[in-house]
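Look at the model below with its aromatic rings in mind. The report covers ring pairs, a ring cluster and a surface patch.

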Amino acid sequence: MPPSHRRPLGSRPVSLPSASQESAGEADDYLARRRLRRGSAGWLLLTGLGVAYVVSGDYSGWNFGLAEGGFGGLAIAMVLMGAMYTCMVFALAELSSILPTAGGGYGFARRALGPWGGFLTGTAILIEYVLAPAAISIFIGDYVESLGLFGLESGWPVYLACFVVFIGIHLWGVGEALRFSFVVTGIAVAALVVFALGALPEFDASSLDDIPVDPSAFGANSWLPMGLLGIWAAFPFGMWFFLGVEGVPLAAEETREPARTLPRAIRWSMGILVVLAVVTFFAAAGARGSAAVQDAGNPLVEALQPDGEATGLSRIVNYAGLAGLVASFFSLIYAGSRQLFALSRAGYLPKFLSLTSRRRAPYLGLLVPGAIGFALAAGTGNGARMLNIAVFGATISYALMSLSHIVLRRREPELPRPYRTPGGVLTSSVALVLACAALVATFLVDVTAALIALAVYIVAVAYFGLYSRRHLVARAPEEEFAALAAAEAELSRD
């Protein structure tokens with residue numbers, strides 16, 4: 001393009017619902033009605049948010065991996081999945097310092113892989129963050145019933161109360177929501193420390209490998225009772241110690257100094273989660289034995305009750321388990337609303353979903369996924385299957401976000417990077433390979449869940465291919481960032 005015909009990036013037209021070219025004033029009004037409250041969170045609240053996404057996984061869920069791979073199989077799976085998450089969060093720390101917007105993984109993939117890559121990544125993340133709260137609301141109902149709170153039984157009234165109360169807090173404001181999450185998460189983490197101190201005196205290494213061996217499994221022994229394939233089948237359960245931590249960058253537009261704050265919060269969150277995973281895993285399995293906790297809905301409580309009788313400590317941990325579930329439920333609702341907000345604001349999903357209230361909360365981005373989550377919880381009551389669907393979406397997004405880091409490093413090495421991933425593309429390549437392996441492992445655990453997730457994905461892709469890709473909003477931050485790259489590439493060719 002001759003220099004006289006070049007147009008500054010800031011004057012690019014905006015694609016609005018009619019796909020017509022609108023004035024800059026109309027574009028500014030469009031974004032003004034879709035604005036979050038900036039500067040509401042520092043690194044400490046964001047670290048708490050990262051831990052909150054995950055902490056319920058320490059209290060339940062991971063132990064079902066013992067039935068898939070035994071103690072040794074789950075231990076290896078936990079190490080490999082921990083390595084995947086560690087490598088991935090280092091890559092995300094760099095990407096979030098480059099593009100600190102609410103789009104998170106969608107924004108990163110949009111710049112690196114184009115509109116299709118951005119949509120595929122954002123949709124996968126959205127599947128994870130819509131399905132996981134629905135599943136956790138069912139687990140909250142189970143805890144409420146088991147603790148005898150107010151005489152309630154697990155069912156739709158409890159699920160509805162969860163969504164109404166906690167979405168209401170989010171509608172109140174992001175600062176208030178993050179502070180609430182931080183307090184509840186602190187209670188859950190403190191209780192994990194108390195649990196470990198109470199369980200470790202009963203630790204017996206000989207009870208770790210007490211699950212019966214399947215003699216027909218290749219490579220089977222007491223540590224790998226389901227053989228070598230059991231390691232792979234345990235991948236999704238090894239993920240439960242870390243699932244959700246990748247959501248920290250979704251708070252970028254509500255963060256103070258995001259280029260500095262996000263990388264710090266992501267690294268601290270992952271460090272804390274690694275410590276909690278190791279301590280919880282060994283303390284629970286060693287105190288009671290792997291066989292005793294492999295099928296328990298509340299494995300930490302089970303580990304503290306060798307005779308089946310409740311103790312003061314087991315009651316404390318039981319209540320804390322409820323706090324952990326609430327923290328994760330609450331935080332995942334936040335993450336899902338921000339991902340939906342970003343995709344809608346840019347036109348990938350219906351634009352009305354990104355409207356914000358006077359308190360700068362994306363109210364439809366909270367209410368619509370909440371309604372879907374409640375309907376799924378009340379209609380199916382199958383929390384385990386919904387979590388497996390969420391894991392399927394998560395692994396796709398991990399692979400695409402890791403690939404985005406590799407592509408941007410190769411294609412745009414001179415892009416300003418306030419934070420750089422240790423190990424560079426080698427680190428993100430490790431995350432990519434392990435994410436692909438984890439994706440395949442979801443079919444080993446629950447083929448039906450994986451196929452359901454795939455069907456949802458196909459419907460979303462059809463919507464994008466047939467309609468929304470022609471109605472994108474060029475002034476959305478993630479789209480402008482990608483457009484800048486295209487403009488710079490065009491200039492370099494001239």
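The count of aromatic pairs in this predicted model comes to 26. Two of the pairs are set out here.

| Pair | Centre to centre | Angle between planes |
|---|---|---|
| Tyr53 and Tyr129 | 6.2 Å | 25 degrees |
| Phe119 and Phe464 | 4.5 Å | 10 degrees |

Why does the pair of Tyr53 and Tyr129 count as stacked? Their planes stand at 25 degrees, and planes under 30 degrees apart count as stacked. This pair links distant parts of the chain. Tyr53 belongs to helix 2 (residues 43–54), and Tyr129 to helix 5 (residues 105–147). The two are 76 residues apart. Both Tyr53 and Tyr129 are buried.

The pair of Phe119 and Phe464 is also stacked. Phe119 lies in helix 5, while Phe464 lies in helix 17 (residues 447–466). The pair therefore ties together parts that are 345 residues apart in sequence. Are these rings buried or exposed? Phe119 has 1% relative accessibility, so it counts as buried. Phe464 is buried too, with a relative accessible area of 0%.

Ring pairs also build a cluster. Its members are Trp62, Phe71, Tyr85, Trp223, Phe241, Phe242, Phe281, Phe282 and Tyr398.

Phe282 deserves another look. Phe282 sits in helix 10 (residues 258–288). Its relative accessibility is 33%, so Phe282 counts as partly exposed. Phe282 also helps make a nonpolar surface patch of about 370 Å². Leu200, Phe203, Val274 and Val278 make up the patch with Phe282.

One charge sits over a ring as well. Arg264 lies over the face of Trp43, 3.9 Å from the ring centre.

Notes
Residues numbered from 1 in each chain as written. Predicted model: local features only at pLDDT ≥ 70, side-chain atom pairs only at ≥ 80, totals over all residues. Heavy atoms only, no water. Patch = residues over 30% accessible without salt bridge, like charges linked within 9 Å, V, L, I, M, F, W, Y side chains within 5 Å. Areas by Shrake-Rupley, 256 points an atom, 1.4 Å probe, with all protein chains shown as cover. Salt bridge = Lys/Arg side-chain N within 4 Å of Asp/Glu carboxyl O. Helix = DSSP H or I, 4+ residues; strand = E, 2+ residues; numbered from the N terminus. Buried < 20%, exposed > 50% of the residue type's maximum accessible area, 1.4 Å probe, protein only. Phe/Tyr/Trp six-rings, centres within 6.5 Å; stacked < 30°, edge-to-face > 60°. Lys NZ or Arg CZ within 6 Å of the ring centre and 35° of its normal.
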